[in-house]
Amino acid sequence: MKTEGGGIYREFMEHRIARITEACTACGKCFEVCPMTVYGDFEGADPEGVTRGVVDIINGRPHSPEAEQWVEMCQKSGVCIEACPEDVNPREMISYAKIKLKNAGEGAEKTKENSREYFQLLSRTIRLMAGLQVEPDLFKHLVSIRGKKREKADAVFYFGCNILQTPHILLSCMDVFDRMELDYEVAGGMAHCCGINHIRRGDVEGGAAMGRRSLDLFKSYEPERVITFCPTCQMQYTEYVNLYTGPEENSLSFVHISRYLVENIEKLKSLFVHPVEKRVALHLHGGLDGVEENVRAVLKSVPGLEFVEIDQHSDHGYQCPTLVIPEAREALREKLFASTEAAGADSLVTIYHGCHRGLCGEERYHPFEIENFMTILGQAMGFEYPDRTKNFKLYDDMDRVLAEAGDLLRANGIDPDKARDQLQKAVYP
Ligand code: SF4
Ligand code: SF4
């Protein structure tokens, strides 16, 4: 088995591109259903021509500006996957087109440099946000910087990187797993990234090597499955797993936490000890198999809880942080908040940590709470980890944040004065 991820990745990507080029008939159906095109300048564009242009991009050929614009606008909602009459995943096709455009635009060295710089900045932001909220020993435990490693576990809880910015969600997951008596080990943090931060910026070698190392760590526990929380990690290790492993190797089973909870719903229900007397609306994104239905089912099993359906743009991206088209982002938020308010909900419930981080500070403008679904499960089980990320955002005052959390930052080896500017950007973007 080869271990250097970059070679395998490129090789497999080219293999996939050849396969897609063969199968795609440039029928244009994926373009026709794409919910992002209304935010672009595609007037008079011919869907067949645009999709033909995408096939040109992945093959390094001259292409139309409309094709390039569409590729840049893809937010990975996956609406196009169902629409394709051939054996092609248009989201996958476009993700390769993005990489090809990046590589062609700036050259390999610059791509690597940009990826490295971005990753370093992100790592430090995550470290600082966690440092505001998590005791040093717990942080070390979470990111697996510790002595003896367990040999075997029934499951690995792979929480990714960014959830460390909202530790109350991560700790709630672990508390629920403990109560469900799951035999698991945690894996996550920047040292165990899936590699997407590099891959998205065009550095396939760096990203693949990173994702491969994480995969090797999961396998070392010989788990029955890996339970994920982050939608990107779940997508990378399912839709794109062969890019890390090559075509022959069998991969581990990756399931999103929402599926694990639904599969064990009777056990989950037996642990609920408090009714949660709230009317809740759920913030949804499509793009990941079953997650919307699973979280709905989990919330509906909570005693006392009243679930209301709301009209929303669930086809806008697969999570909020990567929905980077400003008009689309604005439209999503506007409709979400207006529908939640019109439904008379007490609480707007988020699924993903990235959505929660972006939305929770908006609570101050609305007559409802913004909470994560794991917080709701905790309330039903009789525990709650404070949502400090939200509290800090609601303070809207970095002096107050540092007065409250400065000692914890110092205990984590972080100088509050040096961290201040970056924290300001992270808490109040
Ligand atoms: S994944 Fe979503 S945003 Fe991307 S092309 Fe398909 S439908 Fe459009
Ligand atoms: S990816 Fe599928 S839907 Fe899109 S143009 Fe090709 S064949 Fe048609």
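Tutor: Two strands pair if DSSP finds at least two bridges between them, where strands (E, at least two residues) and helices (H or I, at least four) are DSSP runs numbered from the N terminus. This is a predicted model, in which local features need pLDDT of at least 70 and side-chain atom pairs count only at pLDDT 80 or more, while totals for chains, interfaces and linings use all residues. Residues are numbered from 1 along each chain as its sequence is written, and chains are lettered from A and ligands numbered from 1 in the order in which they are written.

Student: What makes strand 1 and strand 3 a pair?

Tutor: Strand 1 (residues 155-160) and strand 3 (residues 225-228) are joined by four bridges in the parallel sense, and the definition asks for at least two, so they pair. Val156 stands opposite Val226 of strand 3.

Student: How do you know that strand 3 also pairs with strand 4?

Tutor: Three bridges join strand 3 to strand 4 (residues 254-256), and the two run parallel, so the requirement of at least two bridges is met. Here Val226 stands opposite Phe254.

Student: Why is Gly207 called buried?

Tutor: Gly207, which lies in helix 11 (residues 204-220), has 28 other C-beta atoms within 10 Å; a residue is buried if 20 or more lie within 10 Å of its own C-beta atom, placed from the backbone, partly exposed in between, and exposed if 12 or fewer, so Gly207 is buried.

Student: Which residues does Gly207 touch, not counting those up to four places away in sequence?

Tutor: Gly207 touches Gly195, Ile196, His198 and Ile199, contact being C-beta atoms, placed from the backbone, within 7 Å.

Definitions and conventions:
Two residues are in contact if their C-beta atoms, placed from the backbone, lie within 7 Å.
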